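Here's a quick tour for anyone meeting this structure for the first time. Have a look at it below, then read on.

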Amino acid sequence: MKQSRLMLSAGYGALILISAMFIIPFIWLIRSSLMNLSQIFTMPPEWIPAPFQWDNFRRALTVLPFDTFFTNTIIIVVSVLIGTVVTSSVAAFGFSRISWKGRDTLFAILMTSMMLPAAVTIIPSFLGWQMLGFYDTYYPLIVPAYFGGGIFNIFLLRQFYLTIPRDFDEAAFVDGANYFQIYIKIIFPLSRSAIIVVALFSFLGSWNDFMGPLIYLKSDKLFTLALGLQMFQGSYTAQWDLLMAASAAVVLPCVIVFLIGQRYFLEGITLTGLKG
Amino acid sequence: MRKGLFYGLLFTAPAILGFIIFTLGPMIASLVLSLTDYNVFKDQTSFIGFDNYVKMFSGEDDLFYKSLGVTFYFVILRVPAVIILSFFIALLLNMNVKGRAMFRTIIYLPSIVPAVASAMIWMWLMNPDLGLINSVLNWLHLPTSNWLYSEGSVIPSVVLTTLWGIGSTVIIFLAGLSGIPKQYYEAIDVDGGGWYNKLRHITIPMVTPTIFFNTIMTIIGSFQVFNEAYILTEGGPNNKSLFYVFYLWRTGFRDTEMGYASALAWILFIIIMFFTFIVFKTSKSWVHYEGGERS
């Protein structure tokens, strides 16, 4: 499509301005995390820390047991990720590559749960876990991932599986393969990029989850980074240098994962949004 | 085919069980709970019929109306802001500019930031005395604001903080825009129409399915806002940011009135369904599907 020179420059201008507004909070976070309190509060604001207070990170991460929070978060994130990838891909296979009566109706029923606000199920779920004696454990946060891994992920993978030609299965059938072999040897490897998308979303979802741990965890020693950071905020209200250092430390792993898996993230969002 | 049914059920069994255990079961339980006065600290629980619902609507619980009002205000401000802004950004990204990938990354990046960290950053940016935003406004001799700390500005401020995370909506719009065939625009070029005609007669009609999808998702998400209320404002000042789900959480988990909280949850569900239904109904008149069959 042809664009006039004027339009293009206006577009550049607007994009640069908007990008600046999106990135300034990050810069403000980083610069504040590397300053001492007096420099943080200097007016007009300064942008370059002088000198760099690397010690903020050590202090912020040692006043609370952030190493424990980090380990806890990793345990939850990895367990959820494995459960999500395995059970959602298996279910997506059953909902797309096998023909059976009632399949699409059942899938449609499952899809309706996407509209259901979490608030509706949270109280009975909490009471159920509590009755089973699993309050203040990781089970309520991890186990559901092993039962389908979320309808959204099944939907995403199913969309992808539907694009793989049928002939592949047929040929394998002729060679005497069964459904399990077709799933493991053909469909799973062929859908690598969609699986990565699900894994990445699952990682971010449980890394960023706040309400789940807030409701199910009571003991500090089980806290996740999100809860730890919130607790930190409660006790060090005015210590902006430490608050920013702790926040930066929680954000950083997400940013790294995103930058590594960037292509897949963007593909995944497109896949879910377009064919919805 | 018998074998197909067996294997089909086998492969989908975890998901089906999960649906029954973690969605359907709790849904039914929640509906039953909402008809009781269940409170963790009370010895006896009795079936009270629709009393919880009566309590809500009769005005006995003024916080119900308050939180509903707060949430509606938030939704009404946020949904158009998200849709218009992300559409606008997607249009810019869809132009033939250099460095598209970099701009796209920058705009998407904030949406991966954990809610707690993002709340912390914005509390600091919006700090009335020392925050960057007021410093800049001061420097420009513009009026400053108390942002999250005054009754009038708290909701618009929360809306602003959530606009930082519109990256995924932008990407979905971008995907919709890139699906528009180039020939359509060339036709307008031949007719001598400018960018306005292109936008009005091609771009907007062609992305209405994406607008529809994004609007529904944004409405569903906006009604359920929780983290911001819990971390940024704790419902204050003076309950002016008492978001509905935050109030529900407080009633159920802090005040342990779980029966009443379940009733609150069902009203939220009905409200969300109602608005989704309305958007679906009206969509017939404004959503354009190519060939009339894509869904």
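## What chain B is built from

How many helices and how many strands does chain B have? Chain B has 13 helices and zero strands. Keep in mind that this is a predicted model. Reading from the N terminus, you simply meet one α element after another: α-α-α-α-α-α-α-α-α-α-α-α-α.

## The overall picture

Picture a box of roughly 75 × 75 × 35 Å, laid along the principal axes: that's what the C-alpha atoms of chain B fill. The chain has 295 residues, and 54% of them are buried. Take the contacts between residues at least 6 apart in sequence, and 66% of those join residues at least 24 apart.

On the outside, chain B exposes about 13700 Å², with carbon and sulfur atoms supplying 63% of that area. As for charges, there are 18 positive and 17 negative ones, and the mean positions of the two sets are 12 Å apart.

## A closer look at one tryptophan

Now let's zoom in on B:Trp147, which sits in the loop between helix H6 (132–139) and helix H7 (154–163). Is B:Trp147 buried or exposed? Its relative accessibility is 13%, so B:Trp147 counts as buried, the cut-off being under 20%.

Leaving out residues up to four places away in sequence, B:Trp147 touches several others, including B:Met126, B:Ile133, B:Leu137, B:Val154 and B:Leu160. B:Asn134 is also one of the residues touched, and the side chains of B:Trp147 and B:Asn134 make a polar contact at 2.9 Å.

For a sense of distance, try B:Ile188: B:Trp147 is 41 residues from it in sequence and 46 Å from it in space, C-alpha to C-alpha.

How values were computed:
Residues are numbered from 1 along each chain as its sequence is written. Chains are lettered from A and ligands numbered from 1 in the order in which they are written. This is a predicted model: local features need pLDDT of at least 70, side-chain atom pairs count only at pLDDT 80 or more; totals for chains, interfaces and linings use all residues. Side-chain values use heavy atoms; hydrogens and water are left out. Helices (H or I, at least four residues) and strands (E, at least two) are DSSP runs, numbered from the N terminus. Buried means under 20% relative accessible area, exposed over 50%, partly exposed in between (1.4 Å probe, protein chains only). Contact means heavy atoms within 4.5 Å. Accessible areas come from the Shrake-Rupley method with a 1.4 Å probe; for residues, only the protein chains shown count as cover. Lys and Arg count as positive and Asp and Glu as negative; His and the chain ends are not counted. The place of a charge is taken as NZ of Lys, CZ of Arg, CG of Asp or CD of Glu. A polar contact is a pair of N or O atoms within 3.5 Å; within protein, one must be able to donate a hydrogen and the other to accept it, and residues adjacent in sequence count only if both atoms are side-chain atoms.
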